[in-house]
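Reader: I should like a close look at a single part of this model, with its buried side, its outward side and its side-chain pairings treated together. Please take one helix as the centre of the account and set it against the rest of the chain.

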Amino acid sequence: MFRAHRAVRTSVAAVALAAALFTATACSEAQKAIDCIQLGTQLANDVSNLQSVINDPEAAADSLENITKTLNNAAGDVDSQDVKDAIAEMSAQVTQLSQQIANKETPSIDAVSVLKTSAKTIGDACTS
């Protein structure tokens with residue numbers, strides 16, 4: 001009889017542990033998805049800010065630096081290869097735009113539109 005109680009207690013403990021691990025994993029995955037979606041939103045806002053200062057080289061350079069920091073911080077936190085690829089593509093576009101500004105070239109509005117599309121792509125990749 002004592003062994004039966006021990007087996008029941010062990011089984012209950014195992015089920016409780018499994019449930020706790022499942023809950024923690026599910027919450028962790030949900031938090032990652034939320035963080036990823038917030039990244040897409042933040043990047044879209046940053047690109048809108050860039051668009052408003054694109055004719056001011058110093059402010060545009062600062063805005064691009066901010067976008068670069070956001071992308072670099074996010075790159076290590078993302079598990080999805082689609083999101084990583086979208087971040088890498090957007091980073092390359094930001095680098096190209098930064099070079100244009102550093103060379104005192106006026107970036108085209110199309111370059112900013114490409115960044116907007118990239119930010120949307122990151123947000124979409126988060127939900128796929």
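Author: The account below begins with the whole chain, turns to helix H4, and then places helix H2 and one loop residue beside it.

This is a predicted model, in which local features require a pLDDT of at least 70 and side-chain atom pairs count only at pLDDT 80 or more, while totals for chains, interfaces and linings use all residues. Residues are numbered from 1 along each chain as its sequence is written, and side-chain values use heavy atoms, with hydrogens and water left out.

The protein chain has 4 helices and 0 strands; helices (H or I, at least four residues) and strands (E, at least two) are DSSP runs, numbered from the N terminus. Along the sequence the pattern reads α-α-α-α. Of the 128 residues in the protein chain, 26% are buried, where buried means under 20% relative accessible area, exposed over 50%, and partly exposed in between (1.4 Å probe, protein chains only). The chain exposes about 8300 Å², of which carbon and sulfur atoms supply 56%; accessible areas come from the Shrake-Rupley method with a 1.4 Å probe, and for residues only the protein chains shown count as cover. Among contacts in the chain with a separation of 6 or more, 65% are between residues 24 or more positions apart, a contact being heavy atoms within 4.5 Å.

Helix H4 covers residues 109–127, and its 19 residues should span 27 Å at 1.5 Å a residue; the end C-alpha atoms are 28 Å apart, which agrees. The expected span is 1.5 Å times one less than the number of residues. The buried residues of H4 are Val112, Leu115, Ser118, Ala119, Ile122, Gly123, Ala125 and Cys126. Viewed down the axis of H4, these buried residues fall within an arc of 165°, so they line one face of the helix; the arc is that of the directions from the helix axis to the C-beta atoms. The face of H4 turned away from this buried side carries the exposed residues Asp110, Thr117, Lys120 and Thr127. An α-helix has 3.6 residues a turn, so residues three or four places apart point the same way.

On the buried side, Ser118 merits attention. Ser118 counts as buried because its relative accessibility is 5%. Its side chain is joined to that of Gln93 by a polar contact of 2.5 Å; a polar contact is a pair of N or O atoms within 3.5 Å, and within protein one must be able to donate a hydrogen and the other to accept it, with residues adjacent in sequence counting only if both atoms are side-chain atoms. Not counting residues up to four places away in sequence, Ser118 touches Glu89, Met90 and Gln93.

Elsewhere on H4, the side chains of Asp124 and Lys120 meet in a salt bridge (2.9 Å, N to O), defined as a side-chain nitrogen of Lys or Arg within 4 Å of a carboxyl oxygen of Asp or Glu. Asp124 and Lys120 are 4 residues apart in helix H4 and are therefore separated by about one helical turn. Lys120 counts as exposed at 54% relative accessibility, whereas Asp124 is partly exposed at 39%.

The structure holds 2 salt bridges, and helix H2 contains a pair of this kind: the side chains of Glu65 and Lys69 meet at 3.5 Å, N to O. Being 4 residues apart in H2, Glu65 and Lys69 are also separated by about one helical turn. Glu65 is partly exposed at 45% relative accessible area, and Lys69 is partly exposed at 48%.

H2 has 19 residues and reaches 26 Å from its first C-alpha to its last, close to the 27 Å expected. In H2, the buried residues are Ala60, Ser63, Leu64, Ile67, Thr70, Leu71 and Ala74. Seen down the axis of H2, they fall within an arc of 115°, so they line one face of the helix. The face turned away from that side carries the exposed residues Glu58, Asn72 and Asn73.

Thr70, in helix H2 (residues 57–75), counts as buried at 10% relative accessibility. A polar contact of 3.3 Å joins its side chain to that of Gln42. Leaving aside neighbours within four places in sequence, Thr70 is in contact with Leu39, Gln42, Leu43 and Asp46.

Finally, Lys104 lies in the loop between helix H3 (81–102) and H4. Lys104 has a positive phi of about 60° although it is not a glycine, and it counts as exposed at 75% relative accessibility. Most residues other than glycine have a negative phi.
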